[in-house]
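Here are a few notes to read alongside the model. Keep the picture open and turn it as you go.

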Amino acid sequence: MRDKIVAILDVGSSKICCFIAEIDAESNRPRVIGIGHRESRGLNLGTVVDMEETENAIRTAVDAAEKMAGGDPIDNVTVNLSAGDPKSTQLCVEVSVSGHEISDNDIERVLDLGRHYLEDQERFVIHSRPTSFSIDGVGGVRDPKGMFGEKLGVEMHVTSASVSPLRNLQSCLNRCHLNMVDIVFSPYASGLSTLVADELELGSICIDMGGGITSIAAFKDNEFIYGDMIPFGGHHVTRDIAQGLSTPMAAAERLKTLFGNCLSGVSTVRNRIDVTQIGDSGQESVTTIPRRMLTSIIEPRVEEIFELVRDKIIEAGLENTVGRRLIITGGASQLGGVEELAKKTFKCGVRLGRPLNVDGLADTTAGAGFSTGAGLLLYATLKPEELHFMKQTKPKQGVFEGISSWFKENF
Ligand SMILES: Nc1ncnc2c1ncn2[C@@H]1O[C@H](COP(=O)(O)OP(=O)(O)OP(=O)(O)O)[C@@H](O)[C@H]1O
Ligand SMILES: [Mg+2]
């Protein structure tokens, strides 16, 4: 029997990355057989701003992955989404069941009502899951099927995004002859690949620190219960260094990855570093600065990012539950001192996360910057019940033609 092939695309603000994987028929684990990644182009905060540039960047990444995987072209991809201001909404809706026995059809009807509520506001529903059901106003019902009542209610968690950025991304993919078979909110994918079973079950929050975006996904009882993002990431740290030290962006990026630390007061072996500076006349010169000067630029920015994340967690009412355990991943989490600074800011259990449960990743692609990609592979591989997903129904006909056509074909 031939192993099944799946392909994913992580469209990030720093890099575009394509993974092609074989799903082992016995273990059902993805094994990566093709990888292609390149610097992101034509995107701003995950939103396509230049179709042609984005298309070229996607093509290059996909071509490289296809070549490595043996040359067969891929058609279908599972893609992440950070564009379109993705938001979590907790909804409560009710339908009448007129005293008859509640059927699958009634459950589907009430779930549809919740989803259509957001679609009516021109939002595209990416994920939707019931949290609990109620019958005649009495909550806490796990499975209402077969029970009797007048009114069936549901509390649900719906993740939605604006439609236009999604259409633009879909259009870019179509130009590359790729069919977007599934969309996953980026931090949800990162959480799937970095959290261990206990963290998914007992509750924790994955924080993905990318280039332009830091995103948040909370999990409990093996469910994705909340997601959000803030428009700051590692790129802003680099920009602060470039401005603060009057050095070119490329030099600032190098300084950050080689000597950067976000915790002042750590003793370092090499206490002075060379910095290429651009003088008033535009001439470049090299000066030596104390390393703590670099730290003093980085620390407040990372602290600010953490404080914004903490505000989101408090706003969502999660700080005393799932917010007691944090897993930090994403390329920017590799900055020295991130774990310690996070412990200091959040005052809870923190660990750094890397992709788990995906085979065949080389050292260079097994790091924290590839957590979203690995999570997308797991999403594309696992059966819906293993992901603890509720079957999602199609969006309302006619409203989102472009997107709903692929959705209809694939669900
Ligand atoms: N070793 C390192 N130390 C510090 N920062 C790093 C390191 N490696 C990568 N980064 C930073 O990580 C960021 C890129 O992270 P990542 O690859 O997760 O972004 P992305 O997924 O493309 O973007 P986003 O998720 O924001 O759309 C860049 O700002 C880069 O400078
Ligand atoms: Mg990312």
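**Notes on the fold**

1. Start with how the chain holds together. Keep in mind that this is a predicted model. Of the contacts with a separation of 6 or more, 67% link residues 24 or more positions apart. When you trace the chain, look for partners far along the sequence as well as neighbours.

2. Next, count the pieces: you should find 11 helices and 18 strands in the chain. The radius of gyration is 23 Å, close to the 22 Å that the globule rule gives for 411 residues, so the chain is as compact as a globular protein of that length. Along its principal axes, the C-alpha trace spans about 80 × 50 × 40 Å.

3. What about inside and outside? Of the 411 residues, 54% count as buried. The accessible surface adds up to about 18,300 Å², and carbon and sulfur atoms own 48% of that.

4. Now the charges. The chain carries 42 positive and 56 negative ones, and the mean positions of the two sets lie 4 Å apart.

5. Pick out helix H2, residues 104-119, for a closer look. Its 16 residues reach 22 Å from first C-alpha to last, close to the 22 Å expected at 1.5 Å a residue.

6. Which residues of H2 are buried? They are Asp106, Ile107, Glu108, Val110, Leu111, Gly114, Arg115, His116, Leu118 and Glu119. And which strands do the buried residues of H2 pack against? Look for E7 (87-96), E8 (123-135) and E10 (151-162).

Definitions and conventions
Residues are numbered from 1 along each chain as its sequence is written. Chains are lettered from A and ligands numbered from 1 in the order in which they are written. This is a predicted model: local features need pLDDT of at least 70, side-chain atom pairs count only at pLDDT 80 or more; totals for chains, interfaces and linings use all residues. Side-chain values use heavy atoms; hydrogens and water are left out. Helices (H or I, at least four residues) and strands (E, at least two) are DSSP runs, numbered from the N terminus. The radius of gyration is taken over C-alpha atoms; the globule rule is 2.2 Å times the number of residues to the power 0.38. Buried means under 20% relative accessible area, exposed over 50%, partly exposed in between (1.4 Å probe, protein chains only). Contact means heavy atoms within 4.5 Å. Accessible areas come from the Shrake-Rupley method with a 1.4 Å probe; for residues, only the protein chains shown count as cover. Lys and Arg count as positive and Asp and Glu as negative; His and the chain ends are not counted. The place of a charge is taken as NZ of Lys, CZ of Arg, CG of Asp or CD of Glu. The expected span of a helix is 1.5 Å times one less than its number of residues.
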